[in-house]
Structures are given as C-alpha cells and as structure tokens.
Amino acid sequence: MRIWPLSHIFRMFIAICFIANSSLAAAQPLGTARLPTLGDDGEMSASAERRLGDDIARELYRDPDYIDDPQLLEYVGTIWQALLGAARSLGEISPELDEHFSFELFLEHDRTVNAFALPGGFMGVNLGLIGVVATPDELASVLAHELSHITQRHIARLIGRQAKTMPLMLGAMVLGILAASKNPQAAQALAVGGQALVVQNQLNFSRDMEREADRVGMGLMVPAGFSPRGFVDMFDKLQQANRINDNGSWPYLRNHPLTTQRIADMQARQPRDAVPPHAPGAFSLEAHGLLAARARVLAGPGVDALRQWEDAPADRSFATLAPAERAATLYAGVLAASQLNQPATARSLLARLRPLVAQDAAASRQVRLLAADVALRAGQPEAALPELLATGASQQRPELLLRAQALLALGRASEISGDLQSWVALHPHDAGVWQALASNLHAQGQVLRAVRAEGEARAAQYDYAGAVDRFKAGQALAAKSSTPADYVEVSIIDTRLRAMQLLLREQAAER
Ligand SMILES: [Zn+2]
C-alpha cells in the first residue's frame with residue numbers, strides 16, 4: 001500500500017517549485033486582467049516542458065493506478081476534446097503549444113476527488129472525480145479549469161527561471177517521490193518524501209492563477225457545448241464537501257481553496273436565464289449517470305461496498321428512486337456482482353436494467369457494453385459478441401477492444417486483426433490498442449509483428465528503453481527467419497529502432 005496516491009505527486013512537485021518562485025507569484029497583479037506574459041528569461045519553453053511531461057507520464061503509465069477503462073476514457077475524452085476544440089478556436093492554445101504539447105488525457109484508479117494538469121499538456125483525472133459529478137457540465141468545468149492552467153502556461157511560470165538548469169532535477173525529484181511512495185523503507189526515498197510531505201499543504205498555483213483558470217475555463221464552456229452552470233454547481237459541490245469533511249478524500253479542495261472572491265466571480269459570469277444541463281456528442285445525461293456509477297465501482301472501494309451495490313436494487317428505497325437513479329443503481333449492481341464473480345445475479349439485474357434505458361440510445365449502448373463486460377468476465381465470450389454488434393457503434397474503441405478480447409478467447413483472433421491495424425494506423429499513440437494487437441498477433445503465431453506491436457505500445461507510453469528492447473528482440477527473431485513478409489516488417493522495425501535510439505540519446509543528453 002502506498003503512502004501518497006500518485007495524483008499527489010505533481011501537486012507536491014509544483015508546490016516545491018512554488019516556494020522557489022514565491023516572489024514571482026507575489027508580483028502578479030490582482031483582478032481579472034490577464035497575467036503578464038513572461039519574457040524569454042522567465043518561461044520554460046514549450047518543448048522543454050513537454051520533455052519533462054514525457055518523463056513524468058512514462059512513470060505514471062507504469063504505475064498500477066493507471067487505468068485504461070475504454071468506456072470511461074472515451075467519455076471523459078469526448079468532453080476533453082470538445083474543450084480543446086473550443087480553446088483552439090478561441091486562440092487560447094497557441095500554435096507553439098499545439099505543436100509541442102500532448103494534450104493527452106489519462107485516468108487514475110483513485111477514489112479521491114481530483115484532476116491535475118501536468119507539464120507538457122498531460123491531464124490526469126481520478127475515477128473519484130467522475131464518480132461524484134452529477135452532470136457532464138460539472139466534469140467539464142473541472143477539466144476546463146485545469147486545461148486553462150495548461151494553456152495560460154501557469155506551470156511554465158511556476159517552474160520559471162530555474163527551468164533551464166533544473167529540468168533534470170525536477171524530473172529526478174518526481175521520480176524520487178515516486179520511489180518513496182512505493183518503497184517507504186528506503187532511507188533516501190524517505191528523505192525526499194519527508195520534504196514533499198512538508199510542502200504538500202502549500203498552494204500550487206497563486207490565487208490569481210486560480211482566478212484566471214476559472215475565467216478562461218468558464219469562457220470555454222458554451223463554445224464547447226456545455227452549460228456554464230457547471231462551474232457554479234461544481235463550486236456548490238466543493239463547498240458542501242468542505243463543510244462535511246476534510247478527511248483527504250477531496251484533494252481537489254486542498255489545492256483549489258474556494259475563496260468568496262472565486263465564487264462571486266463565477267456567479268457574476270452566470271447567464272441570467274436557467275440553462276439546462278448539456279451532454280457531449282454521443283452521450284446523454286442518462287449515460288452520464290451510468291458512467292459515474294461505473295467510475296464509483298471501478299475506483300475499488302472494497303468488497304463491502306461492492307456487496308452493498310449488489311444488494312441496493314433489492315432495497316425497499318429502490319422503488320422511490322427516479323428512473324435515472326434506478327438505472328444508475330442497477331448499473332452499479334450489475335458491475336459489482338460481476339466483480340464479485342456472481343454472474344447469475346449480474347444477469348438478472350441486467351434484465352431489469354435494459355427496459356429502463358430502452359428509450360435512450362446512448363444509455364442503451366452503455367448497458368450493452370456492460371453486458372459484454374459481464375459475459376467476458378463470466379467466461380462466455382460468445383455471449384459478448386452480439387451485444388457488441390448491437391451497440392450501433394461497432395467501430396468505436398470500447399467495442400473494438402471488447403470484441404478483440406472476445407474473439408481472442410474464442411480462438412478467432414484473425415477476424416479482428418484488420419480492424420485493430422486500422423485503428424493504430426489512425427491513432428499511433430494508442431498503447432492500449434497496440435497491446436491488444438500484440439496479443440492478437442501472438443495468438444496467430446505472427447511473433448515478429450506481435451513483438452513490433454509490443455514495442456509500439458511501449459513507445460506510445462514514452463518508454464523508449466522498453467521500445468528499444470522489443471525492437472531489438474524483433475531484429476533477433478528476424479535473423480532466424482527469411483520470409484518476404486518478414487522482410488517488410490524487419491525494415492519497419494529497423495527504422496523504428498533508430499528513431500527510439502535517437503529519442504533515448506536526446507534524453508541522456510539532457511541529464
Ligand atoms: Zn486550479
């Protein structure tokens with residue numbers, strides 16, 4: 001068990017930088033005017049910030065708390081992309097940032113309510129946050145705020161002048177905290193951890209930066225298709241949580257203290273007329289309720305909570321719930337029963353859930369994906385396939401990955417190789433699909449292509465050393481073979497190996 005959740009790491013890290021730069025922050029003017037842009041002497045370059053971000057992201061992707069849940073990632077990713085689109089069209093993302101930053105979203109298997117921006121445009125979201133928001137607008141407000149910390153270069157500003165000489169040290173510090181969190185017995189790691197603990201309660205960003213992130217983030221909401229109410233609703237939620245508890249389960253509150261000024265600012269910016277909640281693209285409010293329930297169950301609350309969710313639909317109070325709440329309660333019950341290896345209970349709850357979502361295409365799709373999950377977990381891959389074909393979105397990532405899993409289990413891997421290949425051709429940084437493709441190719445005995453896919457999965461998570469290792473393994477394999485198809489694959493592997501070795505050398509040169 002770890003002492004500090006990974007999501008705290010960057011907060012600690014930024015806090016350390018903040019102390020070093022407190023005079024810089026104190027010099028910021030008050031009010032809603034844009035913070036001054038720092039000159040060449042003060043701001044970390046976008047490419048340097050990105051390299052630092054890659055180093056941190058590589059460690060986060062390796063961490064057991066990293067979770068690639070296709071349904072949740074697709075949902076939060078849709079909101080994130082809508083906000084990015086708005087930020088681009090409003091000119092908040094400069095061409096320089098767009099060229100260098102990743103704007104990559106990842107999920108953390110963490111029950112605490114938090115989202116955090118990392119250097120280089122990486123954005124982490126805890127399952128705990130998805131589980132407590134009532135509408136897509138509330139979730140969008142948090143992401144819009146964090147995105148604005150990125151686009152306004154607040155991180156570069158905090159890191160400030162030291163950046164040119166310190167990226168190494170900053171990276172090492174993050175890695176040191178990582179090591180401490182995994183191995184508290186190590187004396188050196190403890191020293192680093194102790195230091196981090198001292199600064200943990202410091203503010204990351206200055207108050208002015210927080211207000212700027214609120215203001216710029218709020219400006220993204222309507223253009224991105226969300227109700228600006230999301231900000232106020234989220235503030236209300238944070239205020240309530242503030243009153244009820246400070247047990248550490250809401251870290252977002254600790255580094256985003258609610259000042260009356262912040263709340264007043266946001267309320268003043270609200271439209272006068274009531275605005276109904278919005279849902280992005282292929283998602284509905286009902287689907288949001290199901291996915292929030294999914295996040296709560298997947299956040300790993302322990303066996304007792306799973307049993308409670310499994311039993312909740314049998315509770316007397318169930319009948320008094322609104323239809324959408326009943327659907328969410330049943331969804332949580334199905335998933336909890338499946339996780340408790342009670343497939344019969346899961347199936348009977350599923351049968352009650354289906355008619356409740358029949359009128360809502362987005363919610364129906366989520367229930368079919370859930371049914372496929374349940375079938376796969378129960379060792380019935382043949383029952384998963386018809387559900388996945390009936391969702392009406394068979395080429396989407398969740399369908400693709402679940403179908404790949406089902407066909408692999410059925411010994412029919414070759415049926416989906418082409419679809420997996422097409423996906424990675426369009427999304428070369430999708431490590432999850434590269435990994436699925438690797439398993440798929442291994443099952444067909446196409447070892448060389450499988451090893452290359454493993455290398456690409458490592459590369460997509462910035463693990464260049466791991467990629468080099470796999471590509472070299474591919475070369476060694478190829479030396480034993482001489483079929484024409486292998487020849488093409490080998491030349492690809494050679495090219496990719498050289499590219500990865502170059503990246504590794506660049507990394508080493510910075511150290
Ligand atoms: Zn903030």
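In the predicted model, strand β2 (residues 105-108) and strand β4 (residues 123-126) are paired in the parallel sense, with 4 bridges between them. Two of the residue pairings can be named individually: Phe106 has Gly124 of β4 as its bridge partner, and Leu107 is bridged to Val125 in β4. On the other flank of β4 the direction changes, since β3 and β4 run antiparallel and are joined by 3 bridges. Within that pairing, Ala115 stands opposite Val125 in β4, so that Val125 is matched with Leu107 as well as with Ala115, as seen from the bridge assignments and the definition of pairing. The connection from β3 to β4 is a hairpin with 5 residues between the two strands, and Gly120, which lies in the turn, has a positive phi of about 85°.

Taken together, 4 strands form an open sheet of mixed pairing, in the order β1-β2-β4-β3. The edges are occupied by β1 (66-67) and β3 (115-117), and because each of these has a single partner strand, one side of each is left without a neighbour in the sheet. In a regular strand, side chains alternate between the two faces of the sheet. For β4, Met123 and Val125 point one way, whereas Gly124 and Asn126 point the other way, and all of these residues are buried.

The sheet is accompanied by helix α7 (residues 136-151), which lies across β3 and β4 and runs at about 15° to β3. Helix α7 also packs against helix α4 (residues 70-89), at an angle of about 50° and with the axes 10 Å apart. At that angle, α4 and α7 are therefore oblique to each other, and their crossing is right-handed. On the α4 side the contact is made by Tyr75, Val76, Ile79, Trp80, Leu83, Leu84 and Ala87, while α7 contributes Pro136, Leu139, Ala140, Leu143, Ala144, Leu147 and Ile150. By class, the residues of this contact comprise 14 nonpolar, no polar and no charged.

A further helix pair is formed by α17 (residues 323-339) and α19 (residues 361-377), which pack at an angle of about 15° with their axes 10 Å apart. As angles under 35 degrees count as roughly parallel, α17 and α19 are therefore placed in that category, and the crossing of α17 and α19 is left-handed. In this contact, Tyr331, Val334, Leu335, Ser338 and Gln339 of α17 meet Gln366, Leu370, Val374 and Arg377 of α19. The contact of α17 with α19 is made up of 5 nonpolar, 3 polar and 1 charged residues.

Outside these elements, Ile416 is placed in the loop between α21 (397-409) and α22 (417-426). Ile416 has a relative accessibility of 0% and therefore counts as buried. When residues up to four places away in sequence are not counted, Ile416 touches Leu400, Arg403, Ala404, Leu407 and Asn440. Ile416 is also separated from Leu401 by 15 residues in sequence, with a C-alpha to C-alpha distance of 9.8 Å in space.

Technical notes:
Residues numbered from 1 in each chain as written. Predicted model: local features only at pLDDT ≥ 70, side-chain atom pairs only at ≥ 80, totals over all residues. Heavy atoms only, no water. Contact = heavy atoms within 4.5 Å. Axes fitted to C-alpha atoms, helices over the stretch in contact; angles between N-to-C directions. Buried < 20%, exposed > 50% of the residue type's maximum accessible area, 1.4 Å probe, protein only. Parallel < 35°, antiparallel > 145°, perpendicular 65-115°, else oblique. Left-handed = near helix turned anticlockwise from the far one by under 90°. Nonpolar A, V, L, I, M, F, W, Y, C, P; charged D, E, K, R; others polar.
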